[in-house]
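Q: Please show me a structure, and then take me through how to read its features.

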Amino acid sequence: MKVLIVEDDRKVGSFILSGLAEATYTTRLVRSCEAARDALADDTFDAVVLDLGLPDGDGLDLLRQWRAAGFNEPVLILSARDAVADRIKGLNLGADDYLAKPFSFDELLARLRSLLRRQATVKATVLEHRGVSVDLLARTVTAGGIQVDLTNREFALLELFLQNAGRVLTRTMIAERVWEASHELETNLIDVYVRRLRKKLEQEGDEPLIRTVRGSGYQLA
Amino acid sequence: MNPRRSFTSRLAFAYAAMVTATVLIVLVAGRLIVGHQLIRGLDLLNVAEFEEIRTHIAAPATPLLDEPTLAVLREHTTIDSPMYFFQVCAPNGRVLFRSANLGHSALPPPSGQARHYSVEVRPEPGPLRVGEFALGAVWIEIAGSREAADTLLSRLTMTLLTLSAVVALGSLAVGYWFSRLALQPVRAIERTAAAIGAANLRERIPVPASRDELAELARLLNHMFDRIETAFTQVRRFTAEASHELKTPLALARLHGEKLARTELTPAQSDEAQALLEELGRLQKIIEDLLLLSRADAGEMPLNRRDHAIEAFVAEFAEDARTLAEDRGMRFALASNDRGVAPFDPAWLRRVLLNLLSNALKFSPPGGMLTFASTIVNGRWQMSLADEGPGVPPPELERIFERFVQLGGRNAEAENGAGLGLAIARSITELHRGRLWAENRPDRSGLKVILEIPAA
């Protein structure tokens, strides 16, 4: 997997570069719009991490040009600008995800992985994992063959976990996808819901179904 | 009624009152003078009549009238009967002569002071002006009818009242027209000033060509707008720069901290690294909150206000609120959830409610009940969240919405916030053209925070 990093801050750029290299990605770092255009012209990439405030232009303009030229690989915007306004603008212009600075590297990695595997997302109407079965149409859940009652939120959370089995989901990702906003992070709402979900689905003595990944988030084991 | 219109009408009323009062004073004074002059005229006629009688009769030495005198009087009073009434009395009031036109009526007995006075003699001849004159040992009373004078005066009074009413109405109309005319330049200034907002701070009020108070006012306001524009530009620039300048080093600090935390560390070092990351997280949150507030102050918040059904929004929030409350060993009740539609940004309004909820959770005793109500009253959507905590001393009720103000919370994480939660909640509420305030519960100890925004 080859990732292009467009980031003008030398330190942040090299940090992402080495971090992604450690996670076995092939990476290339450029620091301007000009260099980014060149890089995309003479090489192919599976994903782009794009900073918006670049010395010779706006990352959003770059994104618009790429999308217009038919570049369809996932683009993750990384920006120090206001999350709400720029997120909407970025996503409208064809970005696949948006991460506000300062960010955690685990968050970046989790999102990048999710983007790179998105193409493989299952479109099934019944999701199953380790004895837990969710019927998305009938909105019913069974664990070990026994029906479990879930609230709307719990159902949405479980669906998200099953769609992303095995992947680390950060709290921010969960908040954005289940609550469509990131303000829930002000509270421990996500932890509380995960705890309730575990209580309803996990049998005593079993390996935990939902694993806590320290410092980053949760993972369906 | 809007304040400008009420000022216009106040001005009109003041003007009308002044004009009407002045006219009324002049008219009443005129009426008094005319009345006085008319009576004086009657008195002079009585005096002239007495002078004439005196030339015909000799002054009696005793309070008796002899036959020739009576004959003269009878003849004279018959000639003058259309105009005058006569009565001659002894000083003790005994009537010696009375003119025929008095009929059975009598004039009041003489007072002995040679006075002039008005009297009403019933049934005939009606209102009179009487003069008393001493002639030798008898008193001659001569009376003229006041009827003509009275009629004249009452007509005059009617005319004056009508005139005053006309003047009152007329001056009200003139005053209203005049004050509107006078306030027209002020309204022009008002319109421009109202149109100037965060979006078009470059606009200025046109300064009238005249060198008067209004031109000065326009100039002063324009100076003020200059300063505001500068301040806004500075806030915007600061916000943009602070975002970048603060967030990039913070991002690096966090990235390095996380990397450090992932390496092989002793338990003590690991705790230190986690503490470091937590503090960085707090710092990040404070910076984000401050940027949010400064953006809100500058009117630069990207709010997406659209009509939404409030019932579903409240139900979703209530589910999360109940979950959070129960997790902390407290209870949550949704007391009411009215149907309706209001323009709001669900993500931001949710943030307001979550801020209020965290606050209520901080101050509630274990097992305490949080009561949430959502109602539509007179076109306004009101949400209230009441806790069972200690409440807030009345002087502090407004202060809790200020920045960096914290009250000692019962629970541990009270120390954790920066005291920006309620300030942000209020800012977002105001961007929704709403109000946010706190009251102590009247029924028991506890704080009730009320959020009110216009409904659709």
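**Interface and sheet**

A: Start with one contact between chains: R262(B) and D106(A) form a salt bridge, 3.0 Å from N to O. A salt bridge is a side-chain nitrogen of Lys or Arg within 4 Å of a carboxyl oxygen of Asp or Glu. The model is predicted, so local features need pLDDT of at least 70 and side-chain atom pairs pLDDT 80 or more, while totals for chains, interfaces and linings use all residues. Residues are numbered from 1 along each chain as written, chains are lettered from A and ligands numbered from 1 in written order, and side-chain values use heavy atoms, without hydrogens and water.

Q: How many salt bridges does the rule find across the interface of chain A and chain B?

A: Five.

Q: How much area do chain A and chain B bury between them?

A: Buried area is the accessible area (1.4 Å probe) that two parts lose on being put together, summed over both. Here the value is about 3100 Å², with 56% of it on carbon and sulfur atoms. Chain A gives 32 residues to the contact and chain B gives 34, where contact means heavy atoms within 4.5 Å.

Q: How are the strands of chain A ordered in the sheet?

A: Strands of a sheet pair through backbone hydrogen bonds, either parallel or antiparallel. Strands are DSSP runs of E, at least two residues, numbered from the N terminus, and two pair if DSSP finds at least two bridges between them. In chain A the open sheet has five strands, β2-β1-β3-β6-β7, with parallel pairing.

Q: Why is one side of β2 and of β7 of chain A left without a neighbour in the sheet?

A: Both β2 (26-30) and β7 (97-100) of chain A are at the edges, so each has a single partner strand.

Technical notes:
Helices (H or I, at least four residues) and strands (E, at least two) are DSSP runs, numbered from the N terminus.
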